[in-house]
Amino acid sequence: MSVVMLKVEDLLGKGYFPKELPPPFTSQKLAHKYSSINSLWASIFNALSRSDKKVYRDSRCLSFSIPKVGFSRRQISLPNPLHQSILSDSICKNWSEIEKIYLCSPLSTSRPVVDTKGSRSVKNRRNYKEFKEGCILNSYAHLSLMRTDISRYYPTIYTHIIPWAIHGKTTAKENRDDYSLLGNILDRDVRNTQSGQTMGIPIGPDTSLIISEIIACKIDEELISKIGDLNGARYYDDYFLFFSDYAKAEKTLKCLQSILAAYHLDINEEKTRIERFPAPFESSWSIFLSRFEFRDGKTSQATDLYRYFSLAFESAQKHPNDSVLKYAVKRLEYIEILPENWRVFESLLLKSALSEPSTLPEVVKILISNESYVSKDRVEKLAQEIILIHCFKAHSFEVSWSLWLLRSFKINLDVCIAEKVIASGDPISVLIVLDMRNCGLISGSLDISSVELDLTSSSLFDEKWLLTYESVKKGWLKPPDPGLLSSNEYFNLLSKEDIEFYAENQQLEKIEINKKSGASDSKEAPEPKEETIPSVEEYTSDANLAITDVVTLY
C-alpha cells in the first residue's frame with residue numbers, strides 16, 4: 001500500500017487554526033500561497049543582518065479560552081504563522097520517519113493518518129466506534145480492566161522529551177545541538193512557537209496531535225518491552241488494558257507510572273482504576289438520547305420536544321462531567337421542526353445555549369439554517385446576556401461565538417457591551433467587534449483608541465499578532481506608526497501576498513434537511529440514520545468505554 005504524504009498546505013490550511021474558533025477565522029490563504037511565501041521569505045531572511053534576524057527568532061501564541069464541563073476550562077493556542085509554518089514544514093519533510101515511529105506501538109488506535117477528504121489535515125487511524133468494538137472483542141476472556149490516562153498531557157509535555165522519546169535520553173543529551181536529528185528539530189520548532197518555553201505544547205493545531213502521539217507511541221513501546229504483550233488499546237492518552245488477574249494489572253499500572261515519571265509526566269489519579277467486569281460500555285443517558293424518536297405531527301412533535309429537552313436537562317444535572325447538552329443539541333441538527341413548533345423549539349434551544357455555552361456552535365448552525373423562523377429579538381437578548389456574563393471572566397469562546405451569532409443575523413450590538421469586549425482585550429472577540437463596527441452593527445460611537453495604542457512592532461510577535469495584523473491590513477484600526485506592517489519583513493510579505501486570517505463572509509455550512517411529506521400526529525418518525533446521530537465519544541467523560549472528550553489529553 002502506498003504511503004500518503006502529509007503536505008504543508010494541508011497542515012496549514014486544515015490543521016493550523018483550532019476547530020473551536022468561529023467560522024471567519026481561517027488560514028486557507030496562507031496555505032494556498034505557502035510555496036511562494038516560503039521561497040520569498042527564505043531570500044528575505046537570508047539577506048538580513050544577524051541582529052535583524054533575532055526579531056524573527058520566536059513568538060508567543062494567541063490564547064483562546066474554551067469551556068470543558070462544569071467550571072473547568074482549556075486554553076487553546078494560535079501560534080504565529082511564521083513559526084507555525086516552520087514547524088509544519090519540518091513535520092511534513094520528516095513524515096515518513098514519523099510514521100515509522102507510530103508503527104512501534106501495537107496499542108495505539110489514535111495514530112494520525114493523512115485525511116485527504118476531511119475538515120482536518122489528519123485523522124485517527126481508527127475512529128471511536130472501531131476502538132470500542134476492538135475493546136469488546138479483545139476483552140471477552142479477561143475479567144479485569146485497568147484504565148488510566150496521562151494527567152494534563154499537552155500542558156505538561158516538556159519539549160526536550162521529544163528527542164528523548166525518539167532517540168533515547170542518552171543520545172539526545174549527547175547530541176542536543178545536532179539539528180540533523182528529528183527530535184531536536186521538533187523540540188526547537190515547538191519552542192519557537194511559544195517564545196522559547198519548554199513546558200507544554202500548544203493545544204489546538206494538528207502539529208501538537210502529531211507530536212504528542214510520537215511520545216505516546218514510544219511510551220507504549222517501552223511499557224511492552226518491560227511487561228510483555230498487552231491486551232487492550234490506547235486512545236489518545238487513555239489506556240484500556242485487560243487482564244486475567246488483578247496482580248498483573250497492578251504491576252502494569254506501576255510500570256506505566258514509572259515510565260511516565262521518566263518523561264516528566266504522570267497518570268491522572270482521578271481517572272485511574274482497576275475494576276472487574278461486568279461493567280457498562282456506555283452511559284445510560286447517551287443511549288436514551290441517541291435512540292429518542294421524534295414524531296412528525298404538530299402535537300406529537302411538540303410533546304416529543306418537551307420530553308427530549310426535559311430528559312437532556314435532567315441528564316445534564318445528573319452527569320455534570322459529561323457534555324450532555326452539547327450532544328443533545330447536536331442530535332437535533334437533522335430534525336425537521338414544524339413551523340408551528342418553532343417558537344417552543346427556539347426557546348428550548350436558546351435556554352440550552354445559556355445553560356451550556358459550549359453548545360453555541362451547534363446552536364448557531366441550527367439557527368442560520370432556519371433563518372426565516374428565527375426571532376432576532378430573542379437572539380439579541382440571549383447573545384448579549386451571554387456576553388455580559390462571560391466577558392469579564394475572559395471566556396473567549398462564549399463571547400466570540402455570541403458576537404458571531406449577532407453578526408450572522410445583522411443584529412446591532414449595544415455600544416456599552418461593545419466597550420466591555422474591547423476592554424477585555426481578547427483578540428478574537430475584539431476582531432469580531434471591529435468587523436461589526438465596520439458593518440455599522442454597533443449602536444453608538446465606539447472608542448477604539450486604547451486598542452490602537454497597543455498596536456506596535458512587538459505586538460506582531462506576541463499574543464496580539466492576529467489582531468494587530470488583521471485590523472491594520474483591513475484598515476479597521478490605525479496604529480501609532482502608519483508603517484507598522486511594512487517595517488516588519490515577514491508581515492509585510494504576507495500583506496503584499498494578500499494573506500488574510502479573517503474572512504468576513506465565511507460561515508458555517510447550513511444544514512440540509514430532507515423534507516418529509518404526509519406528516520400526521522399518528523405517524524411515528526422513522527429510526528434516525530446512524531450517520532446523522534453524533535458519536536457519543538465527544539461528549540461523555542466517565543463511561544467505561546465511552547471516552548468522549550477526546551481532548552481530555554490536553
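Which backbone nitrogen does a side-chain oxygen of N488 reach at the start of α25? That of Y490, to within 3.1 Å. This is a polar contact, meaning a pair of N or O atoms within 3.5 Å; within protein, one must be able to donate a hydrogen and the other to accept it, and residues adjacent in sequence count only if both atoms are side-chain atoms.

Ground rules, quickly. This is a predicted model, where local features need pLDDT of at least 70 and side-chain atom pairs count only at pLDDT 80 or more, while totals for chains, interfaces and linings use all residues. Residues are numbered from 1 along each chain as its sequence is written, and side-chain values use heavy atoms, with hydrogens and water left out.

Stay with α25. The helix covers residues 489–496. Helices here are DSSP runs of H or I, at least four residues, numbered from the N terminus. Y490, F491, N492, L493 and L494 are buried. Buried means under 20% relative accessible area, exposed over 50%, and partly exposed in between, with a 1.4 Å probe and protein chains only. What do those buried residues pack against? Four helices: α2 (28–32), α3 (34–46), α5 (81–93) and α24 (465–473). Contact means heavy atoms within 4.5 Å.

After α25 comes D498, with a positive phi near 60°. D498 also makes a salt bridge with K473, with the closest N and O atoms 2.9 Å apart. The cut-off: a side-chain nitrogen of Lys or Arg within 4 Å of a carboxyl oxygen of Asp or Glu. K473 sits in helix α24 and D498 in the segment after α25, so this pair ties together parts 25 residues apart in sequence. Both ends are partly exposed: K473 at 22%, D498 at 36%. And the pair belongs to a network. Salt bridges with shared partners join K29, E470, K473, K474, D498, E500 and E504.

How many salt bridges does the rule count? It gives 29. Two more examples. K93 pairs with D89, closest N and O atoms 3.0 Å apart. They are 4 residues apart in helix α5, so about one helical turn separates them. In general, an α-helix has 3.6 residues a turn, so residues three or four places apart point the same way. K93 is exposed at 65%, whereas D89 is buried at 16%. Next, D189 and R188, which meet at 2.9 Å, N to O. D189 is buried, with a relative accessible area of 2%. R188 is partly exposed at 27%.

Now domains. The bounds come from an automatic or database domain assignment. Domain 1 is 8–16 + 79–276, and domain 2 is 284–497. Their centres, taken over C-alpha atoms, are 33 Å apart. The contact takes 7 residues from domain 1 and 6 from domain 2. About 450 Å² is buried between them, and carbon and sulfur atoms give 69% of that. Buried area is the accessible area, at a 1.4 Å probe, that two parts lose on being put together, summed over both. In domain 1, N80, P81 and L82 lose the most area to domain 2, together 80% of what that side buries. What polar links cross here? The count is 0 salt bridges, and 2 residue pairs in polar contact, both at pLDDT 80 or more.

Two single residues. S139 lies in helix α7, residues 128–139. It is buried at 8%. A polar atom of the S139 side chain lies 2.9 Å from the backbone oxygen of C135. Leaving out residues up to four places away in sequence, S139 touches F242 and F277.

V4 is in the segment before α1 (8–13). V4 is partly exposed, at 44%. V4 and S96 are 92 residues apart in sequence, yet 9.3 Å apart in space, C-alpha to C-alpha. V4 touches W95, V114 and T116, with the same sequence neighbours left out.

Last item: cysteines. The count is 0 disulfides, taking a disulfide as a pair of cysteine sulfur atoms within 2.5 Å. Why is C416 unpaired? The closest cysteine sulfur, in C391, is 13 Å from the sulfur of C416, too far for a bond. C416 is partly exposed at 46%. C391 is buried at 8%.

Definitions and conventions. Helix = DSSP H or I, 4+ residues; strand = E, 2+ residues; numbered from the N terminus.
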